[in-house]
Amino acid sequence: MAATEPIVPHDVFDVNRVLADHEAIRRVNPQRFELEQLTAVVYDDESTQTTVGYKDLTRDEFWCRGHFPGHPVTPGVLICEAAAQLCSYHAQVHDLTGGRVLGFGGLDRVRFRETVTVPCRLMIMAKVLKMRRGAMIVYRFQCFVEQRLVCEGELRGIGLPSV
């Protein structure tokens, strides 16, 4: 599934034009404390079902001390979690889940193209591939650092009963 083109071209959005900051994301997504993996949403196009956000990674991340000491590498599971949180935000803002929080239903075709070290800004893009409103949504996602593709895959989300 090697993608040569970004889901949303980098020149289409402005990272300085924040649509949803940390507090706005918190009003929609339930994750708190160490598991908040989304800093901002900077692009959202309902007509194409695409969205872009980012996570600013610093040396203060909870995992830096042990993964790996002296050379912190962002765990792949947290990169996927950041993508999932962007997808969940998008799904709820556009009422694609019938008011439910989007939970993990599965990951497919995930590939890690480069290691992600701190500090950096992890840009995340996602696009709805298919959905059954209120039941299941499949997103394609890509993650970039300095416009280099570092991770891509498909995320299957399901509406959680209550969180």
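Pro-119 sits in the loop that joins strand E3 (102-112) to E4. The peptide bond leading into Pro-119 from Val-118 is cis, with omega near -5 degrees. This is a predicted model, and the values below are computed from it.

**Backbone geometry**

A second cis peptide bond runs from His-67 to Phe-68, with omega near 0 degrees. Phe-68 is placed in the loop between strand E2 (50-57) and H2. Most peptide bonds are trans, and most residues other than glycine have a negative phi.

Positive phi values occur at Phe-33 and at Asp-95, neither of which is a glycine. Phe-33 belongs to the loop between helix H1 (22-26) and strand E1 (40-45), and its phi is about 55 degrees. Asp-95 follows H2, with phi near 50 degrees, and is part of the loop between H2 and E3. Phe-33 counts as exposed because its relative accessibility is 64%, whereas Asp-95, at 44%, counts as partly exposed.

**Fold and overall dimensions**

Two helices and six strands make up the elements of the chain. Their order from the N terminus is α-β-β-α-β-β-β-β. The radius of gyration is 15 Å, close to the 15 Å that the globule rule gives for 163 residues, so the chain is as compact as a globular protein of that length. Along the principal axes, the C-alpha atoms fill a box of roughly 45 × 35 × 30 Å. Of the 163 residues, 49% count as buried.

**Helix H2**

Helix H2 covers residues 76-93 and has 18 residues, which at 1.5 Å a residue should span 26 Å; the C-alpha atoms at its ends are 26 Å apart, in agreement. Because 15 of the 18 residues of H2 are buried, the helix is largely enclosed by the rest of the structure.

**Strand E4**

Arg-132 is a residue of strand E4 (residues 120-132). With a relative accessibility of 53%, Arg-132 counts as exposed. Its C-alpha atom is separated by 8.3 Å from that of Leu-96, although the two residues are 36 residues apart along the chain.

**Cysteines**

The whole structure contains zero disulfides. Cys-64 is in no disulfide, and the nearest cysteine sulfur, in Cys-120, is 9.8 Å away. For Cys-143, the closest cysteine sulfur is that of Cys-151, at 4.8 Å; this is too far for a bond, because a disulfide requires the two sulfur atoms to be within 2.5 Å. Both Cys-64, at 8% relative accessibility, and Cys-143, at 0%, are buried.

The accessibility values given for individual residues are collected here.

| Residue | Relative accessibility | Class |
|---|---|---|
| Phe-33 | 64% | exposed |
| Cys-64 | 8% | buried |
| Asp-95 | 44% | partly exposed |
| Arg-132 | 53% | exposed |
| Cys-143 | 0% | buried |

**Internal cavity**

The structure has one cavity of 30 Å³ or more. The volume of the largest cavity is about 50 Å³. Its lining consists of Ile-25, Arg-26, Asn-29, Gln-31, Arg-32, Glu-36, Gln-37, Leu-38 and Gln-85. By class, two of these lining residues are nonpolar, four are polar and three are charged.

Conventions: Residues numbered from 1 in each chain as written. Predicted model: local features only at pLDDT ≥ 70, side-chain atom pairs only at ≥ 80, totals over all residues. Heavy atoms only, no water. Helix = DSSP H or I, 4+ residues; strand = E, 2+ residues; numbered from the N terminus. Expected span 1.5 Å × (residues − 1). Buried < 20%, exposed > 50% of the residue type's maximum accessible area, 1.4 Å probe, protein only. 1 Å grid on protein atoms, 1.4 Å probe; cavity = no way out; pocket = protein on both sides within 12 Å on 5 of 7 lines; lining within 4 Å. Points joined across faces, edges and corners; volume = space filled by probe spheres on them. Nonpolar A, V, L, I, M, F, W, Y, C, P; charged D, E, K, R; others polar. Rg over C-alpha atoms; globule rule 2.2 N^0.38 Å.
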